[in-house]
Amino acid sequence: MPQLPAPDYPADVRARLEADAKEVIARYPGARSALLPLLHLVQSEEGHVTRTGMTFCAEMLGLTTAEVTAVATFYTMYRRKPSGDYQVGVCTNTLCAVMGGDAIFDELKQHLGVGNDETTEDGKVTLEHIECNAACDFAPVVMVNWEFFDNQTPESAKRLVDDLRAGRTVEPTRGAPLCTYKDTARILAGFPDQRPGAVEASGGAGPASLVGLRLAKGESTPPRVVHPRGEGGNEHPESGGPTPQDGPPQSPADQAPTGHPSSHDAPQETSASDPANPAGPAAEEGE
């Protein structure tokens, strides 16, 4: 059966949202460019983007509800069903996964008694896995309402969600103090963050993330040569020299050129360039 039209907001709520929406729309030369912040605005009202919220956005911007729905369902930061006060996202992308992200996610599912994209019975925590939190040098990373909690373990992550559910103060590893998901949504809509010290709070990138910046500034970094598989040994990442198990030092002819960060950056012989080792289907065992 077709859905009935979405109910409107109560008069006082709609009046308040309209005033906020007009402030947001005025920032853009074209009204429809304000759709993303307006979706955050209606999400800050109910904790997720409802049919009522999407209808409101469509009316304010002169769009169809289909156009608004297409955007709201594309971006994962817009919740489509009721969620908790704290959105706990565990990175399960490659690096975080191998560093323990998968174990953290599995432990939290059992500890909280919820699955992916589900909310605890008390309405405090919604758990989900995140493809990447863009903080690989702090892996494994957990985010709560988009604030970083770095270098987590299953034990520290369980303490974290327990503190959130108990109402205890939780401090992110870096960045602004923690606030509720609704408050976060309003900030993302572009309204001032009223929390004391939040604007001044900051967090820096880790050493691995800053290597490129140092190179761009012309600062020298210790050379690090990565040998092709099966050739040579491992070099110490700090000194650039061989580790004890590598045997005698390589001759200058065998070493990478000065300033060459990786021997893999140089052309390597492959089946396409080496006629003696053409590519072909793998032979069956015994053939």
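# Exercises on a predicted model

At 60% relative accessibility, T94 counts as exposed in this predicted model. The exercises below proceed from this residue to the fold, the helices, the cores and the aromatic rings.

## Exercise 1. Placing T94

Determine in which helix T94 lies and how far T94 is from C136 in space.

Solution. First, locate the residue: T94 belongs to helix α5, which covers residues 94–112. Next, take the C-alpha atoms of T94 and C136, which lie 9.4 Å apart. In sequence, 42 residues separate T94 and C136.

## Exercise 2. Confidence and overall fold

Establish how confident the prediction is, and describe the order of helices and strands.

Solution. Begin with the average: the pLDDT of the protein is 80, and 75% of the residues score at least 70. Then identify the weak stretches. Over residues 232–274 the pLDDT stays under 50, and the model has 43 contacts beyond four places in sequence for this stretch. Residues 279–285 also stay under 50, with one contact beyond four places in sequence. Where pLDDT is low, the predicted coordinates should not be read in detail.

Continue with the secondary structure, which consists of eight helices and five strands. Along the sequence, the pattern reads α-α-α-α-β-α-β-β-β-β-α-α-α. Finally, consider the packing: 37% of the 287 residues count as buried. Of the contacts between residues at least 6 apart in sequence, 63% join residues at least 24 apart.

## Exercise 3. The two sides of helix α1

Decide which residues of α1 are buried and how they are arranged around the helix axis.

Solution. Start with the geometry: α1 spans residues 11–25, and its 15 residues reach 21 Å from first to last C-alpha, close to the 21 Å expected. Second, list the buried positions, which are V13, R14, L17, D20, A21, V24 and I25. Viewed down the axis of α1, these buried residues fall within an arc of 135 degrees, so they line one face of the helix. Third, inspect the other side of α1, where A11, D12 and K22 are exposed. Last, ask what covers the buried residues of α1: the cover includes α2 (35–46), α3 (51–61) and α7 (181–188).

## Exercise 4. Helix α3 and the nonpolar cores

Work out how far α3 is covered and what share it has in the largest nonpolar core.

Solution. Count the buried positions first: eight of the 11 residues of α3 are buried, so that the helix is mostly covered. These are T52, G53, M54, F56, C57, A58, M60 and L61. The buried residues of α3 pack against α1, α2 and α4. Just after α3, G62 adopts a positive phi of about 70 degrees.

Turn next to the largest nonpolar core, which has 25 residues; L38, L39 and V68 have the most contacts inside it. At least two residues of this core come from each of α1, α2, α3 and α4 (65–72). The largest share, six residues, is supplied by α3. To examine one centre of contacts, follow V68: beyond four places in sequence, V68 touches L35, L39, M54, C57, A58 and L63. A second, separate core has 19 residues, including I104, L108, L127 and L164.

## Exercise 5. Aromatic pairs

Classify the aromatic pairs Y9–F56 and Y75–Y78.

Solution. A search of the whole structure finds three aromatic pairs. For Y9 and F56, the ring centres are 5.9 Å apart and the planes stand at 75 degrees; because planes over 60 degrees apart count as edge-to-face, this pair is edge-to-face. The pair links distant parts of the chain, with Y9 in the segment before α1 and F56 in helix α3, 47 residues apart. Y9 and F56 are both buried.

For Y75 and Y78, the corresponding values are 6.3 Å centre to centre and 85 degrees, again edge-to-face. At 38% relative accessibility, Y75 counts as partly exposed, whereas Y78, at 6%, counts as buried. Together with F74, Y75 and Y78 form one aromatic cluster.

## Exercise 6. The surroundings of D150

Is D150 buried or exposed, and which residues does it touch?

Solution. Locate D150 in the loop between β5 (147–149) and α6 (154–166). Its relative accessibility is 6%, and D150 therefore counts as buried. Beyond four places in sequence, D150 touches F138, P140, V141, T173 and R174.

Technical notes
Residues are numbered from 1 along each chain as its sequence is written. This is a predicted model: local features need pLDDT of at least 70, side-chain atom pairs count only at pLDDT 80 or more; totals for chains, interfaces and linings use all residues. Side-chain values use heavy atoms; hydrogens and water are left out. pLDDT is the predictor's confidence in each residue, from 0 to 100. Contact means heavy atoms within 4.5 Å. Helices (H or I, at least four residues) and strands (E, at least two) are DSSP runs, numbered from the N terminus. The expected span of a helix is 1.5 Å times one less than its number of residues. Buried means under 20% relative accessible area, exposed over 50%, partly exposed in between (1.4 Å probe, protein chains only). The arc is that of the directions from the helix axis to the C-beta atoms. A nonpolar core is a set of buried Ala, Val, Leu, Ile, Met, Phe, Trp, Tyr and Cys residues joined through side-chain atoms within 4.5 Å. Rings of Phe, Tyr and Trp (its six-membered ring) pair if their centres lie within 6.5 Å; planes under 30 degrees apart count as stacked, over 60 as edge-to-face and the rest as tilted.
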